[in-house]
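Here is a friendly walk through one protein chain, from its charged pairs to its inner space. Have the sequence and the 3D view open as you read.

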Amino acid sequence: MSSLVYPANLPGLTFGRTRTPMYATGIQSRVSGKESRLSYRAYPLWRYELKYEWLDDRIAVSHLKALQGLFMAMRGRYDSFLYSDPYFNAAAAFQFGTGDGSRTAWPITVRFENSGGPGGDELVQNFNGTPQVYKAGVLQTAGGVHYSLDGTGLVTFTAAPTAGQALTWTGGFYYRCRFTDDSLSFEEFAARWWTTRTVSFQTFHL
């Protein structure tokens with residue numbers, strides 16, 4: 001997995017982009033009309049589709065080379081990169097767990113919602129900078145002093161939080177993504193001016 005970040009600030013990005021949450025549900029229907037449902041995925045995956053009206057290849061830092069270069073570096077769908085969603089890329093004192101006196105480990109999560117909901121938890125596994133983890137509002141020290149954080153976003157406290165203690169975190173995060181296709185077409189509409197219809201990529205969990 002690479003640590004390359006998707007070039008999200010290319011000025012040719014146009015409206016018409018899509019952001020699609022994806023769950024996986026098994027449904028068994030009966031003749032009577034009753035259903036049984038089973039959720040296979042606790043946290044959603046996301047699919048993004050971005051469109052670029054123009055990519056300037058005349059400038060020193062070419063937009064075309066930035067985007068096509070990332071695709072080439074990933075070898076299409078083979079490798080993964082980091083994406084900072086412009087509308088959801090940080091958490092502020094988000095509560096990801098509540099102590100019960102015995103449990104020591106929780107996954108870091110966030111929620112895209114209005115205050116008070118509704119919303120669904122999302123798993124955070126790729127951080128932009130060092131997250132700050134709090135227990136009952138008190139900042140905890142990482143590195144095994146108060147807690148450790150592994151590569152899947154799992155926080156393990158050295159001492160179990162007491163019953164009712166709120167566990168919160170603040171920080172920025174990325175989505176771990178891969179391209180959805182092994183080919184990506186670019187069209188030159190004027191000398192060294194390019195366009196691409198849709199750049200599609202999706203998240204996955206570690």
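## A trio of charged side chains

Glu 113 and Arg 111 form a salt bridge, with their closest N and O atoms 3.9 Å apart. Please keep in mind that this is a predicted model. Both partners sit in the middle class of accessibility: Glu 113 is partly exposed at 32% relative accessibility, and Arg 111 is partly exposed at 30%. A residue gets that label because its value falls between the 20% limit for buried and the 50% limit for exposed.

The pair does not stand alone. Asp 121 joins Arg 111 and Glu 113 in a network of salt bridges. Counted over the structure, there are eight salt bridges.

## Two other salt bridges

Which residue forms a salt bridge with Arg 58? The partner is Asp 56, and the closest N and O atoms of the two are 2.9 Å apart. Here the partners fall into separate classes: Asp 56 is buried, with a relative accessible area of 5%, whereas Arg 58 counts as partly exposed at 48%. The 5% of Asp 56 is under the 20% cut-off, so Asp 56 is classed as buried.

Asp 182 and Arg 77 also meet through their side chains in a salt bridge, at 3.1 Å from N to O. This pair links distant parts of the chain, 105 residues apart. Asp 182 lies in the loop between strand 14 and strand 15 (187-190), while Arg 77 lies in the loop between helix 1 (63-74) and strand 5 (81-83). Asp 182 is partly exposed, with a relative accessible area of 48%, and Arg 77 is partly exposed too, at 42%.

## The chain as a whole

Now for the wider view. The chain has one helix and 16 strands. Its C-alpha trace spans about 65 × 55 × 30 Å along the principal axes. Of the 206 residues, 38% are buried.

How much area does the chain expose? The figure is about 11,400 Å², and carbon and sulfur atoms supply 51% of it. As for contacts between residues at least 6 apart in sequence, 72% of them join residues at least 24 apart.

## Tyr 52 and its neighbours

Is Tyr 52 buried or exposed? Tyr 52 is buried, because its relative accessible area is 2%, under the 20% cut-off. This tyrosine lies in strand 4 (residues 45-56). Setting aside residues up to four places away in sequence, Tyr 52 touches residues including Tyr 6, Pro 7, Leu 10, Leu 67, Thr 195, Arg 197 and Val 199.

Thr 14 is another residue that Tyr 52 touches. Thr 14 is found in the segment before strand 1 (18-22) and counts as buried at 18% relative accessibility. Besides Tyr 52, Thr 14 is in contact with Lys 51 and Glu 53, again leaving aside neighbours within four places in sequence.

## Distances across the model

Two C-alpha pairs help with a sense of scale. Tyr 52 and Gly 99 are 47 residues apart in sequence and 47 Å apart in space. Gly 69 and Pro 131 are 62 residues apart in sequence and 30 Å apart in space. Gly 69 has its place in helix 1 and is partly exposed, with a relative accessible area of 35%.

## The space inside

Rolling a probe the size of a water molecule over the atoms shows where empty space is left. A search of the whole structure finds one cavity of 30 Å³ or more. The largest cavity holds about 140 Å³ of space. Its lining has 15 residues, and those closest to its centre are Leu 123, Tyr 175, Arg 176, Phe 204 and His 205.

Which elements give two or more residues to this lining? They are strand 9 (121-123) and strand 14 (166-179). Strand 14 gives the most, with four residues. By class, the lining of the largest cavity has nine nonpolar, four polar and two charged residues.

Conventions:
Residues are numbered from 1 along each chain as its sequence is written. This is a predicted model: local features need pLDDT of at least 70, side-chain atom pairs count only at pLDDT 80 or more; totals for chains, interfaces and linings use all residues. Side-chain values use heavy atoms; hydrogens and water are left out. On a 1 Å grid over the protein atoms alone, a cavity is a set of points where a 1.4 Å probe fits but cannot get out, and a pocket is an open set with protein on both sides within 12 Å along at least five of seven lines; lining residues have an atom within 4 Å of a point. Grid points are joined across faces, edges and corners, and a volume is the space filled by probe spheres set on the points. Ala, Val, Leu, Ile, Met, Phe, Trp, Tyr, Cys and Pro count as nonpolar, Asp, Glu, Lys and Arg as charged, and the others, Gly among them, as polar. Buried means under 20% relative accessible area, exposed over 50%, partly exposed in between (1.4 Å probe, protein chains only). Contact means heavy atoms within 4.5 Å. Accessible areas come from the Shrake-Rupley method with a 1.4 Å probe; for residues, only the protein chains shown count as cover. A salt bridge is a side-chain nitrogen of Lys or Arg within 4 Å of a carboxyl oxygen of Asp or Glu.
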